[in-house]
Amino acid sequence: MSAHEIAQPMTARKAGALTGRAEVPGDKSISHRALIFGAMAVGETRITGLLEGQDVLDTARAMQAFGAVVTQHGAGSWSVNGVGVGGFTEPADVIDCGNSGTGVRLIMGTMATTPMTATFTGDASLRKRPMGRVTEPLSLFGTMAFGRQGGRLPMTVVGAANPVPVRYALPVASAQVKSAVLLAGLNAPGQTVVIEREPTRDHSERMLLGFGAALTVEKTSAGNVITLTGQPELRPQNVAVPRDPSSAAFPVCAALIVENSDVFVPGVSQNLTRNGLYLTLVEMGADIEFQNPRTEGGEPVADLRVRFSGNMQGIEVPPERAPSMIDEYPILSVVAACATGRTVMRGVKELRVKESDRIDAMARGLEACGVRIEEDEDTLIVHGMGAGQVPGGATCAVHLDHRIAMSFLVLGMAAKKPVSIDDASPIVTSFPIFEGLMKGLGASLSRDNH
Ligand code: S3P
């Protein structure tokens with residue numbers, strides 16, 4: 001199913017200050033994993049705070065198709081009756097993961113070491129994205145995959161009947177690939193080892209430990225060496241999903257660039273594998289107070305008080321920080337446009353294979369709004385214009401990409417002239433309450449019916 005069949009243009013205009021409390025939804029990465037690990041456990045996993053975005057709903061449906069029983073009890077409150085490691089049954093139909101790269105890649109890993117055949121597809125964005133990065137390590141377990149040219153969906157995956165454990169060094173910094181290999185390793189005998197040179201988000205490792213798997217992470221000169229012992233019995237858990245720092249980025253950055261704003265964003269993850277944007281904003285001179293640090297749902301969180309910051313300076317973002325803020329470069333480039341001086345983002349070529357080519361999408365939209373950009377394959381440089389100085393007055397193409405859509409709407413809240421996007425419908429994949437939440441803070445967003 002696609003959430004994006006009918007384009008919904010939307011416009012953001014400068015209104016007054018943004019003020020109030022912004023309670024963003026549950027973390028998307030953790031929500032996918034709670035459903036998948038719940039499906040791999042024997043018995044009932046309870047989840048609260050689940051993100052009810054389209055991406056996660058598609059994963060819930062996929063888990064049902066593989067034999068788990070997934071039930072919604074109330075807003076954000078779900079249960080999964082799992083089938084156990086190796087207990088998946090063959091789905092009767094094609095698995096449609098919609099817009100979600102995380103969904104499809106993690107689910108491919110999960111079924112890859114069980115003898116069954118499953119065919120995966122997704123929307124026009126997902127069907128352009130490379131799956132070879134996952135099917136290549138999965139082939140080491142004995143899994144076969146048959147897709148379109150360039151390893152694109154639709155793709156049929158034949159799970160290994162006699163999987164062998166795998167030792168795999170990630171060629172790209174990708175938590176999706178790491179997680180797919182670990183999930184496949186769950187149903188292989190012996191020890192599966194994944195080596196990552198740069199640390200990426202560690203939610204799978206945390207959750208595997210929480211569900212009772214034997215897993216170790218050793219920090220070596222080659223990076224993190226993650227060793228998982230296969231064929232554990234996973235025990236069902238109560239999972240409290242913390243709020244999503246990647247979604248929090250939108251109200252936080254909007255407050256920083258809209259004059260006189262003062263916004264409180266509770267419970268934002270401070271997980272070191274996810275907090276790169278917040279470090280970067282502080283280095284740029286953002287006024288963010290990190291209050292009441294604590295642990296929620298096994299993740300370090302803090303409440304953020306964010307005030308308009310009219311004197312932010314462009315910086316060089318350290319390339320090694322990229323994995324911890326990979327989804328936040330689009331909104332950072334909006335903040336950079338409202339800062340003074342150049343913001344240089346290097347080592348970001350992974351952005352080209354996200355829901356859209358995010359370097360290209362941001363560069364074209366920012367240019368249309370009057371911002372000077374430089375780019376190459378692996379770099380985006382934004383020439384800041386200073387607070388309140390971005391001209392705006394353009395319609396930006398979002399290419400079925402939720403984060404591009406929200407980034408340009410945030411720009412429109414601070415630009416001199418309104419900024420429109422051609423399609424707001426992808427926003428439901430990760431942040432279904434975005435429009436209402438931003439309007440509640442005082443933003444002016446309107447749906448354009450033409
Ligand atoms: C995710 C990992 C990242 C990120 C995506 C979510 C995850 O992708 O961009 O939105 O939940 O593992 P990569 O692993 O491909 O970098």
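Where is the place of Asn-260? In this predicted model, Asn-260 is found in the loop that runs between helix H7 (245-257) and strand S15 (262-269), and its backbone is taken up again below, after the surroundings of the ligand.

## The ligand and its shell

The ligand sits in the largest pocket, and the elements that contribute two or more residues to the shell around it are helix H1 (28-40) and helix H5 (175-186). The residues that surround the ligand are Ser-29, Arg-33, Thr-102, Ala-173, Ser-174, Ala-175, Gln-176, Arg-201, Ile-326, Asp-327 and Lys-354.

Sorted by class, this shell is made up of three nonpolar, four polar and four charged residues. Both domain 1 (2-26 + 242-447) and domain 2 (28-155 + 166-230) take part in the shell, with at least three residues drawn from each of them.

## Polar contacts and cover

Three residues of the shell can be described through polar atoms that lie within 3.5 Å of an oxygen atom of the ligand. Ser-174 places a polar side-chain atom 2.8 Å from a ligand oxygen, whereas at Gln-176 a polar backbone atom is the partner, again with 2.8 Å between that atom and an oxygen atom of the ligand. For Lys-354, a polar side-chain atom lies 2.7 Å from an oxygen atom of the ligand.

As for cover, the ligand on its own has 380 Å² of accessible area, and the protein covers 95% of that area.

## Backbone features

The peptide bond that leads from Leu-153 to Pro-154 is cis, and its omega is near -5 degrees. Pro-154 itself belongs to strand S9 (residues 152-158), so that a reader who follows this strand in the structure will come upon the proline there.

Two residues other than glycine have a positive phi. At Gln-231, which is part of the loop between strand S13 (223-229) and strand S14 (238-240), phi is near 55 degrees. At Asn-260, the residue asked about at the start, phi is about 70 degrees although this residue is not a glycine, and its place is, as stated above, in the loop between helix H7 (245-257) and strand S15 (262-269).

Definitions and conventions:
Residues are numbered from 1 along each chain as its sequence is written. This is a predicted model: local features need pLDDT of at least 70, side-chain atom pairs count only at pLDDT 80 or more; totals for chains, interfaces and linings use all residues. Side-chain values use heavy atoms; hydrogens and water are left out. A residue is near a molecule or strand if one of its heavy atoms lies within 4 Å of it. A polar contact is a pair of N or O atoms within 3.5 Å; within protein, one must be able to donate a hydrogen and the other to accept it, and residues adjacent in sequence count only if both atoms are side-chain atoms. Accessible areas come from the Shrake-Rupley method with a 1.4 Å probe; for residues, only the protein chains shown count as cover. On a 1 Å grid over the protein atoms alone, a cavity is a set of points where a 1.4 Å probe fits but cannot get out, and a pocket is an open set with protein on both sides within 12 Å along at least five of seven lines; lining residues have an atom within 4 Å of a point. A molecule sits in a cavity or pocket if more than half of its atoms lie within 2 Å of its grid points. Helices (H or I, at least four residues) and strands (E, at least two) are DSSP runs, numbered from the N terminus. Ala, Val, Leu, Ile, Met, Phe, Trp, Tyr, Cys and Pro count as nonpolar, Asp, Glu, Lys and Arg as charged, and the others, Gly among them, as polar. Domain bounds come from an automatic or database domain assignment.
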